[in-house]
Amino acid sequence: MSVPEMTGAASSFAAPTARPPETFFKAQERNRRATWRMSALCVFAAFLMGIPLTLVLSPFLYAVTMATAEVVNHFSPLPPEFWQISSDLARLAVRVADAVFNQRGVVSTQELIIAAVLIFLPGIALALMLWTGMLLLFRHGGVGGTLASLNAREPNPQDLKELQLADAVQEMAIAAGLPAPKVMLIDSPGANAAAIGTCAADAHIVLCRRLLDDLNREQLQALVGHLIASVGNGDLRIAFTVTSVFETCGLIVTLINAPFGRQSRSTLWRIVRYSLRRGTGAAEAADAEQVAELLADTLDMNSSDIDRFFNSSNPGVIRKALRLMFFPFLFTNIAVELTLWFFLNLLLGPCMALLWRTRRYLADAGAVELTRNPDALESALQSLSDDSTTVAGGSWASHLFVVNPGGDRSLRGDSASAEQQRKFLQAWQTAASAGGAAAPLNPPPSLPGTAAEFARVRQEMMSTAMAAATGNAEATARLQTFAQAMGVDPGLVHELPNFNDLMLAQRGDRAALARVRMQRQSRQRQQSGTQRGQTGLQTVSFVSFHPPLAKRAKRLQRMGAHLIDPSRRHGGLGGKIVLAILYLIFGPLLLTCGVLMLFVIAMMIGLNLLCLGLWLALIHWLFAVDWASVIAGFTKFVQDVAAAFSQRR
Amino acid sequence: MDFSPVLIAIAVFVVLVLWFVLHAYNRLVRMRNNVSNAWSDVDVQLTFRHDLVPNLVESVKGYMSHERQTLEAVAQARSAAMNAGADLATRAAAETALGSAVGNLFLTAERYPDLKASQNFLLLQEQLTTTENRIAFARQHYNETVRQFNALIAEFPWNLIAAQFGYTPEKLFAAGPQDRATVQMAS
């Protein structure tokens, strides 16, 4: 640290090095084009998803309208034109359906168009209305809620590291010619960063405090550059749109569920209350956050109110009557949920995820443009990916983070190579003997580098780290020798505990102690092989919203980064062959499943139509029957029977 | 009154041309505003460094009174940078000289252990780093904006309009080769 660390921009006046194969301008242009393609794909996917959805929703809307009309008609008769028109339209629908599906009868083009409009318009109108509502609703919510749920705080200017972060943000904002966004820190054991906001004006940059210890200034700058470039590219608005689409889907499910469950009703009530209140400040932001979280939860297939409604054992009489009454809605509900689940996961979700990935690549290229230092960004991404600890709270915003908060293994490989494992074990042995500890409990491993031995030593090391964190000087010394013996190996650095945290923990910093403990626990989880589930929007798309880090690294290398040797990361030729065979076997299988699923959806739509028709017929019959005469006849019958009995007596 | 197709075609053409001119003019204005904004960014950062340097010298003076030469070089470079005038090339050269003089000062400061150990020194170093970085990034942004502007007004349909409204290429904020040589000798 002799001179102030200059970043790339300052040193870009130096002699030009070898020209990279792709300039960042080209990369940005390419990714912009990719974004356009992906948005077109998204619109197409939304259109495809809309077809079955409207086929379910439109008849449902018609049925509800007609049922309401029947009730209203009972008390104040509607004009006969209304009934005439609806009857005509229904006849037309039946005729067109007959012509389309059974090739019977003749329909003119005009009739066909009217029928199509009748079927598609209400569903589309409803979806668009809800979507606009969602956009308007969350626009004024702001980001305070997310920040609060992440437990974010302002940086402390007395702390050198935090001051550096604030400076780095200012510098990158100057480089991008943008107003500087606000910076917030999260004191969580994870290592991640995100740009959060509804538009560029209220953008916030959120960083985990730990990053400040893990990254050097250049890496930090590159990371901030990525976020600022992302803000400058208008990613916040895209993210907002993407989330609002998913939230609209959640709202549709909630609406359909509303008659059946308390949970959906309370969600709806919360939305209504939130949209009516025009207050400002933290309360509103917190409300927005809660609503968003609730809607995201609704899309989860497991927590459905309707199942509880129809499956509860031992129902009362009223419940039974209600069940009978609402029976057709069961099919509407299942059809909607099935359609949404299938199309979101397989079509719209992946499209949006791919769209979002192009934005990440674009921001990477932007960060290189701002910092002129692809190496720093690449190493920063690598050290972020080495950590699989999650960030608590704000799960629905997970796609906003720079790397997947659930951890990405693509860049680090599943485990250290055999050679690295051997190196690790040797270093541990030297540390054990040099540390003056009692004679090593175990003899030197006869089979050096076995995976089991490696796993055991890893556990041992983490226990030592815990001991060191709680103030054991011997353990600290042992760890330090170990670190020195191992030297700097990018593949193994993430195995080491964070020494900064250890020092802090020894001085009694509870947060640091918690971080060490978390790291140890996450190791154990990795060991036992349990993967943690995905969070937030990740649940509604089977393609991750985060590009694999290996791909990002490759693109950065094309822009001139020279760090990682990608040879170790992939399984090599053998792995590829195995993968290809797996694809060959499972590809057709999955395709068949998809087609079957489509059949099921079509069947559900048909059943929904049938049940709605029956339901309407029943309601119509209930209202058409002259109940007074029926009751009169019934009482007369009873009287007659009674009279007959008394006569016989 | 009836319009011949030729007349309609001419009218449409004129409207299109007018629309293009309007659009092009607005874009040029916007681009030049960008350039002047970027320049004011650079200017703010440079002025900030001018204000910072006396404080800096003041805070290290007590520790390194023997390094009168280095300290004076910094002060000289500062006054030279402040009086560099409006020409971008000379100003860039003067500012680069000031930057390397300050860097030199810090290199020298590394040799004084009691200065290096002080908590203040780290904060001071960070302040200096960020100042240098801000200048570098502001300059990068400015040069990038100028490059875009110059590229635009050299292209075919735009160059006609640019010439019409008197838009000329802006200058980059970078030291010329001969200036850079003098800077290296000075430092």
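**Helix crossings and a small set of strands in chain A**

In this predicted model, helices H8(A) and H14(A) cross each other in the right-handed sense. H8(A) covers residues 217–232 and H14(A) covers residues 327–371, and the two pack at an angle of about 120 degrees. Their axes are 7 Å apart. An angle of 65 to 115 degrees would count as roughly perpendicular, and about 120 degrees falls outside that range, so H8(A) and H14(A) come out as oblique to each other.

What does each helix bring to this contact? H8(A) supplies Gln221(A), Ala222(A), Gly225(A), His226(A), Ile228(A), Ala229(A), Ser230(A) and Gly232(A). From H14(A) come Arg359(A), Ala363(A), Asp364(A), Gly366(A), Ala367(A), Leu370(A) and Thr371(A). Sorted by class, the contact of H8(A) with H14(A) is a mix: six residues are nonpolar, seven are polar and two are charged.

Now for the wider setting. Chain A contains 23 helices alongside four strands. Of its 649 residues, 40% are buried. Looking at contacts in chain A with a separation of 6 or more, 79% of them join residues 24 or more positions apart.

The strands come next. Four strands of chain A form an open sheet in the order E1-E2-E4-E3, and the pairing is mixed. At the edges sit strand E1 (152–153) and strand E3 of chain A, each of which pairs on one side only. Strands of a sheet pair through backbone hydrogen bonds, and the pairing can be parallel or antiparallel.

Going through the sheet in order, E1(A) and E2(A) pair in the antiparallel sense, over two bridges. Here Ala152(A) is found opposite Ile186(A) of E2(A). Strand E2(A), residues 182–186, then pairs with E4(A) in the parallel sense over five bridges. On the other pairing of E4(A), strand E3(A) (residues 193–196) runs antiparallel to E4(A), with four bridges between them. Val206(A) of E4(A) turns up in both of these pairings: Met184(A) stands opposite Val206(A), and Val206(A) is also the bridge partner of Ala194(A).

How many residues of strand E4(A) are buried? E4(A) spans residues 204–208 and is mostly covered, with five of its five residues buried. His204(A), Val206(A) and Cys208(A) point one way from the strand, while Ile205(A) and Leu207(A) point the other way. Both sets are buried.

The sheet also leads back to the opening helix pair. H8(A) lies across E3 and E4 of chain A, running at about 20 degrees to E3(A). H8(A) is thus described here by two packings, one with H14(A) and one with these strands.

Another helix pair sits elsewhere in chain A. H3(A) and H4(A) pack at an angle of about 105 degrees, and their axes are 10 Å apart. That angle makes H3(A) roughly perpendicular to H4(A). On the H3(A) side, the contact uses Leu89(A), Leu92(A), Ala93(A) and Val96(A). These meet Glu111(A), Leu112(A), Ile114(A), Ala115(A) and Leu118(A) in H4(A). By class, this contact has eight nonpolar residues, no polar ones and one charged residue.

Some loop residues are worth a look too. Most residues other than glycine have a negative phi. Gln103(A), though not a glycine, has a positive phi near 55 degrees. It is found in the loop between H3 (80–102) and H4 (109–139) of chain A. Is Gln103(A) buried or exposed? Gln103(A) is exposed, because just 7 other C-beta atoms lie within 10 Å and the cut-off for exposed is 12 or fewer.

Arg372(A) also has a positive phi, of about 55 degrees, without being a glycine. Its place is the loop between H14 and helix H15 (374–385) of chain A. Arg372(A) counts as buried because 22 C-beta neighbours lie inside 10 Å, and 20 or more is enough for that label.

A loop of chain B rounds off the picture. Thr168(B) is in the loop between helix H6 (156–164) and helix H7 (177–186) of chain B. With 9 C-beta neighbours inside 10 Å, Thr168(B) counts as exposed. Thr168(B) and Ala154(B) are 14 residues apart in sequence, and their C-alpha atoms are 9.4 Å apart in space.

Notes: Residues numbered from 1 in each chain as written. Chains lettered and ligands numbered in written order. Predicted model: local features only at pLDDT ≥ 70, side-chain atom pairs only at ≥ 80, totals over all residues. Axes fitted to C-alpha atoms, helices over the stretch in contact; angles between N-to-C directions. Parallel < 35°, antiparallel > 145°, perpendicular 65-115°, else oblique. Left-handed = near helix turned anticlockwise from the far one by under 90°. Contact = placed C-beta atoms within 7 Å. Nonpolar A, V, L, I, M, F, W, Y, C, P; charged D, E, K, R; others polar. Pairing = 2+ DSSP bridges.
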